[in-house]
Every structure is written in structure tokens, then in C-alpha cells.
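The following note is intended to accompany a reading of the structure. Please keep the sequence and the 3D view at hand while working through the numbered points.

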Amino acid sequence: MITNTSLVSVWVKDIDESLAFYTDVLGFEAGDDLQLGPDFRWCTVFHPKQPEIHLHLTTPSGPLPDYLIEAMRRAQDEGGLPGVGLDVDDCRATYEELKAKGVEFLQEPEDRPYGVEALMRDNSGNWMVLVEKRDYTPEDFEGVDMG
């Protein structure tokens with residue numbers, strides 16, 4: 001029986017640069033960082049309030065086939081890969097803090113039926129959503145255009 005989620009892979013362009021971004025800019029902590037052979041590095045980060053879930057920072061590489069590696073790199077360059085969702089206690093304050101650190105935002109904080117949401121990119125172009133959650137019901141979405 002599955003008991004929890006413990007690892008999520010995030011495709012990055014450069015592991016060292018992403019490790020610095022996730023730790024220095026976003027406040028994550030470094031986890032494992034191991035070179036497992038000449039072509040594979042196992043590098044993880046985790047949020048200090050949720051150490052049981054690690055983000056595996058990895059580059060598109062073998063054993064994936066070359067055509068898939070190239071397609072993923074194109075998607076990264078175009079900013080077309082999803083990243084992760086992050087809960088925040090104050091979306092507007094977090095937006096201002098991260099914007100001051102040079103983080104690229106695709107959407108400023110906006111009120112939604114489920115809370116306040118902002119959309120940003122990590123340093124590899126992955127979409128990341130910041131959400132300050134609030135209680136909601138399905139009725140809160142009636143007549144709401146989320147597009």
C-alpha cells in the first residue's frame with residue numbers, strides 16, 4: 001500500500017545553478033548530492049517544514065533516448081515544463097520578496113476562489129505556482145472564468 005509521496009523530479013538545465021536557486025532564493029535545504037557514475041548525478045532539495053518530500057533536480061539525459069532529451073530541452077527553452085506548487089502564508093509578500101531576488105513572474109498575485117495565486121518560473125523556466133490557500137466550496141467557482 002502506498003503511504004505517501006516522497007520524491008518529485010524537476011527537470012532543470014543545470015543542476016548546480018538550480019541547487020543554488022532552490023536553496024538560496026526559495027529557502028529549500030540541500031538533500032542528497034551524489035555522482036552515480038560519469039553521466040548521472042542524484043541531487044535533491046527539500047523544504048525545511050516538509051523534509052519528507054524531496055525534489056530531485058535532474059537534467060534531461062540518458063537513459064532517455066536522444067529524441068526525448070532534445071524535445072525536453074526544447075520545452076525547457078520555451079518555458080513549457082511544469083514544476084511544482086508551493087503553499088505560502090502570504091502570497092503578496094512572498095511575491096514581493098522573490099521579485100526583489102530577481103525571480104521571473106508570469107502572473108502577479110490574484111484572488112481566486114481557493115486563495116491568492118501567483119505564477120513564477122524557476123531558473124530553468126519551469127512553471128511554479130504560489131498559493132495562499134483559503135477554504136472554498138464548489139459553489140465558489142460558479143460563473144468564474146479561470147482562463
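Is Cys-43 buried or exposed?

1. Cys-43 is buried, because its relative accessible area is 0%, and the cut-off for that word is under 20%. Cys-91 is buried as well, its relative accessible area also being 0%. The structure holds 0 disulfides. The reader should bear in mind throughout that this is a predicted model.

2. The first sheet is open and consists of 4 strands in the order 1-4-3-2, with mixed pairing. Its edges are formed by strand 1 (7-11) and strand 2 (29-35), each of which pairs on one side only. From one strand to the next, the twist averages 25°. Helix 1 packs on this sheet and touches strand 1, strand 2, strand 3 and strand 4. The direction of helix 1 makes about 10° with that of strand 3.

3. Within that sheet, one pairing may be followed in detail. Strand 1 and strand 4 run in the parallel sense and are joined over 5 bridges. The residue in strand 4 that serves as bridge partner of Trp-11 is Thr-58. As a general matter, strands of a sheet pair through backbone hydrogen bonds, in either a parallel or an antiparallel manner.

4. A further open sheet of 4 strands has the order 5-8-7-6, and its pairing is mixed. Here strand 5 and strand 6 are the edge strands, each pairing on one side only. The twist in this sheet averages 15° from one strand to the next. Strand 5 and strand 8 pair in the parallel sense over 4 bridges; the bridge partner of Asp-87 in strand 8 is Val-131. Helix 3 lies across strand 6, strand 7 and strand 8, and runs at about 170° to strand 6.

5. The next point concerns the interior. The largest nonpolar core has 26 residues. Tyr-22, Leu-26, Leu-98, Phe-105, Met-120 and Leu-130 are the residues with the most contacts inside this core. At least two core residues are supplied by each of helix 1 (15-25), strand 3 (41-47), strand 4 (50-58), strand 5 (82-87), helix 3 (91-100), strand 7 (115-121) and strand 8 (127-133). Helix 1 gives the largest share, 5 residues. In soluble globular proteins, nonpolar side chains tend to be buried together.

6. Met-120 merits separate inspection. Which residues does Met-120 touch, not counting residues up to four places away in sequence? They are Phe-21, Leu-26, Leu-98, Val-103, Glu-104, Phe-105, Leu-106, Asn-126, Trp-127, Met-128 and Leu-130. Among these contacts, Leu-26, Leu-98, Phe-105 and Leu-130 also appear with Met-120 in the group that has the most contacts inside the core.

7. The structure holds 4 aromatic pairs. In one of them, the ring centres of Tyr-22 and Phe-28 are 5.8 Å apart and the planes stand at 80°, so this pair is edge-to-face. The reasoning rests on the rule that planes over 60 degrees apart count as edge-to-face. Tyr-22 and Phe-28 are both buried, and together with Phe-21 they form one aromatic cluster.

8. Tyr-95 and Phe-105 form another edge-to-face aromatic pair, with 4.6 Å from centre to centre and 70° between the planes. This pair links distant parts of the chain: Tyr-95 belongs to helix 3 and Phe-105 to strand 6 (residues 105-112), and the two are 10 residues apart. Both Tyr-95 and Phe-105 are buried.

Methods
Residues numbered from 1 in each chain as written. Heavy atoms only, no water. Core = buried A, V, L, I, M, F, W, Y, C linked by side-chain atoms within 4.5 Å. Buried < 20%, exposed > 50% of the residue type's maximum accessible area, 1.4 Å probe, protein only. Contact = heavy atoms within 4.5 Å. Phe/Tyr/Trp six-rings, centres within 6.5 Å; stacked < 30°, edge-to-face > 60°. Disulfide = S-S within 2.5 Å. Pairing = 2+ DSSP bridges. Axes fitted to C-alpha atoms, helices over the stretch in contact; angles between N-to-C directions.
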